[in-house]
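Biologist: I am new to this structure, so please choose one local part to look at closely, and then go on to set that part in the context of the chain as a whole.

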Amino acid sequence: MCGIFGYIGSRDAVKIAINGLKKLEYRGYDSAGIAGIKDGKIVSAKELGKITALEKEVAKMNLDLHVAISQTRWATHGKPSKINAHPHFDATHQLALVHNGIIENYEALRTSLKDKGVHFVSDTDTEVVAQLIGAHYKGDILKAVFETLPLLKGAYAIALIHQDYPDQIIAISHNAPLVIGIGENEAFISSDTHSFVAHTREVVFLENSEVAVIKADKLEVFNTALEQIEKKSEQLSIEAIESSKGNYEHYTLKEIHDQPQAVRNALSGRFLQEYGTASFDSLNFDVNELLNVKRILILACGTSWHAGYMGAYMLEDKARIPVQAEIASEFRYKNPIVQNDTLVIAISQSGETADTIAAVRELKAKGAKILALCNVEGSTLVREADSTLFLRAGQEIGVCSTKAFTSQVVILSLFTLMMARMRHMSKQDGQEFLKALERLPDQIDSILKNSAHIEAIAKKYAHYENFFYLGRHYMYPASLEGALKLKEIAYINANGYPAGEMKHGPIALINENCPTVALCSNNLTHEKLLSNLMEVKSRNGLVIAIAEEGDKGIEKIADEIIRVPATIDELACIPAVVVTQLLAYFIAKERGADIDQPRNLAKAVTVE
Ligand code: AGP
């Protein structure tokens, strides 16, 4: 979603900002813009579409800036357009600001400003903030900011420049992430540390409602009472990653192929084969706390929720702990009951998903302990949680989540093993479970080597507009994930369904124009699934089966079979989902979709 990048210092601010924006591209956006101060005046450029369009435009303007704020916009209020792109300005064009988040009461504020004669040029909620600060400005910009902030409702991260203050950027963070990078006589501001980690690792995270005045050589941070507060800087340990697709056509394909290594990374140093259990260095809950857990609540959105759903099945089955996997955006409005012995597991690749973070805050306020599963060091979720298990999947750039899902399931499996071994699971069963986990990277590799077969099937079925993905037990959340991949990157309507539920309504949609992708690798429910697939066949439905090697039963039913290596039911979703990722990728490619940055989607969904 929207990404902010700012720079102040002696270097070429335009070049640094454009490169910074490129590092934020993965978040998803529809337009981009930049503003700076030149000869005491605000100068700016905005473009609809890719950052390269903005880059060309600023090159023509020959700007020589040492302070710049810039932004990639993902439209919420007002359609994607050059006018609605950030930055936005006050009526006198003395200030420019960029914003990430939503101003919930913007309509009322806009009306009251209009009544006072203010003319708006865009449809955005952001322009309201620029106009309000402009209206309050009487020579002291910080004062104008502090008079405006209490009027705003919602979530916002803002970077602002004013022509009367050419040597500073003001940054504001309220329920939306913003981090300041401190260099030598220069400073950076961004929604994501990855965008400037090549320049500096020293960072200051702004917390809720803090306001920072950033100069090249000085940083001041204020609380809501305009009192200056002491902020300690931290050193990032993340690497400056020069993200590259290598020889792959898309990041998404590269990340699908990263999975064997991602699984190895997720497992590395986290299990004890001799004792048949798992252990996590970073888990700072003591044994008694873990033994006292009587209920687990898993919170997440999208793909992370699918991984959580899988984890819930596993934890209940193996550790015999009641588990609820909830969609964070729904859960937070349920006025949840949290008992002392409940452990909350919040799962998020980005660590910035607004709904997940809001749910976590609600639960923290009720006294719950939060364990995060996250891929991004320094992200908001990591800072809010009591303890974090990192995915170690490496940066995921494709908007569609692939390797993060696999790593999430692997870590949930390890966590399940640890909790189960502390309770009823035998050492021998634990060791068997670990062996199955260790086999996974090679098993995924063998699926990747079968890509040509999956691509051929994808080409044959790419013209269909509706699909079902069916599975039972562990294969049900896997079918949800498979269907989501097809929806988001190929723009095809796909329904993930528990196969046993089809006859209760959805089967009405089955005909020769609606293929079914059947996820067959669940031994416990295999016979039942075959019966459900017969029901599909009887209604002229086509069946593309993802079936384990040696599964003979499916041969009489399926129109196509994609084989996956056999594993235990608890882990079978991983090979199956890897196939669905490749299937969606090749179908999307056949249809010419924008695979790495699908329309309307954002990598980090930072608004509710
Ligand atoms: C996955 O392919 C999606 N793009 C999306 O559902 C994503 O998983 C969801 O927005 C949650 O993101 P998070 O893991 O960063 O919290």
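Modeller: Let us start with L226, which sits in the loop between strands β13 (218-222) and β14 (228-229). Please keep in mind throughout that this is a predicted model. What draws attention to L226 is its backbone, since phi there is positive, at about 60°, although the residue is not a glycine. The side of the question that concerns the surface can be answered as well: L226 has a relative accessible area of 37%, and it therefore counts as partly exposed, the class between 20% and 50%.

A second residue can be set beside it. D39 is not a glycine either, and its phi is positive, near 50°. This residue also belongs to a loop, the one that links β2 (31-38) to β3 (41-48). With a relative accessible area of 74%, D39 lies over the 50% cut-off and is therefore exposed. Another backbone feature is found at P87, in the loop between β4 (67-73) and β5 (88-89), where the peptide bond from H86 to P87 is cis, with omega near 5°.

Not every loop residue lies open in this way. T402 is placed in the loop between β22 (387-390) and helix α13 (403-421), yet its relative accessible area is 1%, so it is buried. Leaving aside residues up to four places away in sequence, T402 touches T252, E255, I256, Q259, E396 and Q581.

From the loops we can turn to elements that are covered. In helix α4 (residues 126-136), 9 of the 11 residues are buried, so the helix is largely enclosed by the rest of the structure. The buried residues of α4 are T126, E127, V128, V129, A130, Q131, L132, I133 and G134. Their cover includes strands β5, β6 (95-103) and β7 (154-162), together with helices α3 (106-115) and α5 (141-148).

In soluble globular proteins, nonpolar side chains tend to be buried together. Here the largest nonpolar core holds 98 residues, and those with the most contacts inside it are I296, I345, F415 and F467. Helix α18 (residues 573-590) gives the most to this core, namely 13 residues. The surroundings of F467 can be listed on the same terms as those of T402, without residues up to four places away in sequence: F467 touches Y461, L486, I492, N493, A494, N495, C514, P515, V517, I544 and I587. Apart from this core lies another one, of 30 residues, with A144, V145, I158 and V211 among them.

Finally, we can step back to the whole chain, whose secondary structure comes to 18 helices and 27 strands. The radius of gyration is 25 Å, close to the 25 Å that the globule rule gives for 608 residues, so the chain is as compact as a globular protein of that length. Along the principal axes, the C-alpha atoms fill a box of roughly 80 × 55 × 45 Å. Of the 608 residues, 62% are buried, and among contacts with a separation of 6 or more, 72% join residues 24 or more positions apart. The exposed surface of the chain is about 23300 Å², of which carbon and sulfur atoms supply 48%. As for charge, there are 64 positive and 76 negative side chains, and the centres of these two sets lie 2 Å apart.

Notes: Residues numbered from 1 in each chain as written. Predicted model: local features only at pLDDT ≥ 70, side-chain atom pairs only at ≥ 80, totals over all residues. Heavy atoms only, no water. Helix = DSSP H or I, 4+ residues; strand = E, 2+ residues; numbered from the N terminus. Rg over C-alpha atoms; globule rule 2.2 N^0.38 Å. Buried < 20%, exposed > 50% of the residue type's maximum accessible area, 1.4 Å probe, protein only. Contact = heavy atoms within 4.5 Å. Areas by Shrake-Rupley, 256 points an atom, 1.4 Å probe, with all protein chains shown as cover. Lys, Arg positive; Asp, Glu negative; His and termini not counted. Charge placed at Lys NZ, Arg CZ, Asp CG, Glu CD. Core = buried A, V, L, I, M, F, W, Y, C linked by side-chain atoms within 4.5 Å.
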